[in-house]
Amino acid sequence: MNTYNLLKGHNLKLKGGPSKKIVEAPEGEFFAIHPCQFKGMKPKLLVKKGSSVKIGSPLFFDKTKDSVKIVSPVCGIIEDIVLGKRRVVEKIVIKKQGEDFEPLDKHSLESDTSKFKDFLIDSGLWSYFRQRPFSKVPDPSVKPRAIFLTMHQTGPFNLDLEYILADCKEQLLSGLKLLSTLTDGNVFLSLKRGSTFFDESDLDGINVNYFGGPHPSGNIGVQIHHIEPIANKDDLVYYMSAQDLASIVKAFESGSYDFSKIVACGGTGLENPAYYRIKRGALIKDIAGDIDSNKYRIISGDVLSGTIANLEDSLNSFDEVLSVIPEIQEREFVGWALPGLKKYSLSNTFVSSALGLEDSDLETGLNGSIRAIIPFGRWERVLPMDIFPDFLIKSILSQDIEQMEKLGIYECDPEDFALCSFVCQSKVEVSQIINDGLELVEREG
């Protein structure tokens, strides 16, 4: 048991934070699954327009590892299959009808632990796992070196997992023991420093660590870096959401799918920022209501590392935050010459840094144009990892794979560098460059 108090980073102060009350989101008529959200999968469709599906019916499988499949969260009819460039499947739209479901076998948590992996694959719930490096859905045939689970999140508008999972403590304890059957190494559990959530629980065999400090101390990549760093591309570890683990255990024990999850909905574009209980695949318009997309930007995920979405999309399968923030309408005239009394800044450029800002209604403007990379040390001040981001970024831009590997590319993930993008004086998309670097080493590896 170790405690890590990380000093580098920053907690964004944003208006519209979600209140800690769980609201039952109205269930809409249509649901959507986005195959491109499952990184590392090459989908092969098992349905076509007009096909009938049940809860748990396979929608597509991965052509590179055909045991991995994605199943339907609802019963209904395939309303549409949206294809993008080169006939890439972008979205599967399901019109909900009825409540029929594919049956699952019930299992005993005491005697059937050896069947856990087969259950995950057969049920389609294996896709809840992701691996590092590359943050993709893992190959079930490759055993991980370790498995990580975190109950500590620090991103903007993040969920308080200990609050929403207070009634799921037994499922989480059972889930941690089940995870240990998938690896010959350790199962690591990360908690917030000072947490008493599991104080009266039996965590024998689980490696527990406590983390404190500003964002991104709650990022799983940062925690892996400090607990057991990834050495090379073949040094695989698994991780997953604590909510997903609780859902898996419920399905394993009861024989019925549980596709509900709680998401934090925050931002000044929402009438009622709160925690919402939704069903996977629910459209954003059914969660957040009517939003003027010309005035507000809808983001699946947090404002630092999320992706732009629209009302007809569903949340990313791995996201537990929906953010709606003001969209910049026009460029501010001579903004560089103004004192910036209300400018959100982590440098001393504006007067606001001396006055101290309360919660800010942060907009989407860049406040400047892209320019040459100048090493001012700002990236290092918000990255709590023993990595030299300046040199790593330049090695990626020059496509020097050997140097990228020496500088720790396999330990990196775009979300861990999101704050670097936020504070960058050169307006460089640091996260996107990290993603490009990971794609390069995986492709050339």
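A search of the whole structure, which is a predicted model, turns up 14 aromatic pairs. One of them is Y4 with F211, a stacked pair with 4.8 Å from centre to centre and 15° between the planes. Y4 sits in strand 1 (residues 2-5) and F211 in strand 13, so this pair ties together parts that lie 207 residues apart in sequence. How much of each ring's residue is left open? Y4 has a relative accessible area of 17%, so Y4 counts as buried, the cut-off being under 20%. F211 is buried too, with a relative accessible area of 0%.

Another pair, F119 with F252, is edge-to-face: the centres are 5.1 Å apart, and the planes make an angle of 75°. Here again distant parts of the chain get linked, since F119 belongs to helix 1 (residues 116-123) and F252 to helix 5 (residues 242-254), 133 residues apart. With 5% relative accessibility, F119 counts as buried, and F252, at 0%, is buried as well. In general, a pair of aromatic rings is described by just these two things, the distance of the centres and the angle of the planes.

Rings can also come in groups. F38, F60 and F318 make up one aromatic cluster. One member of that cluster, F318, has a charged neighbour: R130 lies over the face of F318, 4.2 Å from the ring centre. A similar arrangement turns up with K169, which lies over the face of F197 at 4.6 Å from the ring centre.

F38 shows up again in the empty spaces inside the model. How many cavities of 30 Å³ or more does a search of the whole structure find? There are 5 of them, and the largest cavity has a volume of about 260 Å³. Its lining is made of 23 residues, with I33, F38, R280, G281 and S317 lying nearest the centre. Strand 3 (30-33) and strand 7 (65-71) are the elements that give two or more residues to this lining. Sorted by type, the lining of the largest cavity has 13 nonpolar, 8 polar and 2 charged residues.

Then there are the pockets. The second largest pocket has a volume of about 510 Å³. Its lining takes in 27 residues, and Q153, T154, N158, L159 and K192 are the ones nearest its centre. What is the mix of residue types in the lining of this second largest pocket? The lining divides into 10 nonpolar, 11 polar and 6 charged residues.

On to the strands. One open sheet has 6 strands in the order 2-16-15-19-17-18, with mixed pairing. At the edges are strand 2 (19-24) and strand 18 (307-308), each of which pairs on one side only. Further in, strand 15 (residues 260-266) and strand 19 (residues 321-326) pair in the parallel sense, over 3 bridges. In this part of the sheet, G266 stands opposite S323 of strand 19. As a rule, strands of a sheet pair through backbone hydrogen bonds, either parallel or antiparallel.

Last comes a loop. G205 has its place in the loop between strand 12 (187-192) and strand 13 (207-212). Is G205 buried or exposed? G205 has a relative accessible area of 63%, and exposed means over 50%, so G205 is exposed. G205 and K177 are 28 residues apart in sequence, and their C-alpha atoms are 8.2 Å apart in space.

Technical notes. Residues numbered from 1 in each chain as written. Predicted model: local features only at pLDDT ≥ 70, side-chain atom pairs only at ≥ 80, totals over all residues. Heavy atoms only, no water. 1 Å grid on protein atoms, 1.4 Å probe; cavity = no way out; pocket = protein on both sides within 12 Å on 5 of 7 lines; lining within 4 Å. Points joined across faces, edges and corners; volume = space filled by probe spheres on them. Nonpolar A, V, L, I, M, F, W, Y, C, P; charged D, E, K, R; others polar. Helix = DSSP H or I, 4+ residues; strand = E, 2+ residues; numbered from the N terminus. Buried < 20%, exposed > 50% of the residue type's maximum accessible area, 1.4 Å probe, protein only. Pairing = 2+ DSSP bridges. Phe/Tyr/Trp six-rings, centres within 6.5 Å; stacked < 30°, edge-to-face > 60°. Lys NZ or Arg CZ within 6 Å of the ring centre and 35° of its normal.
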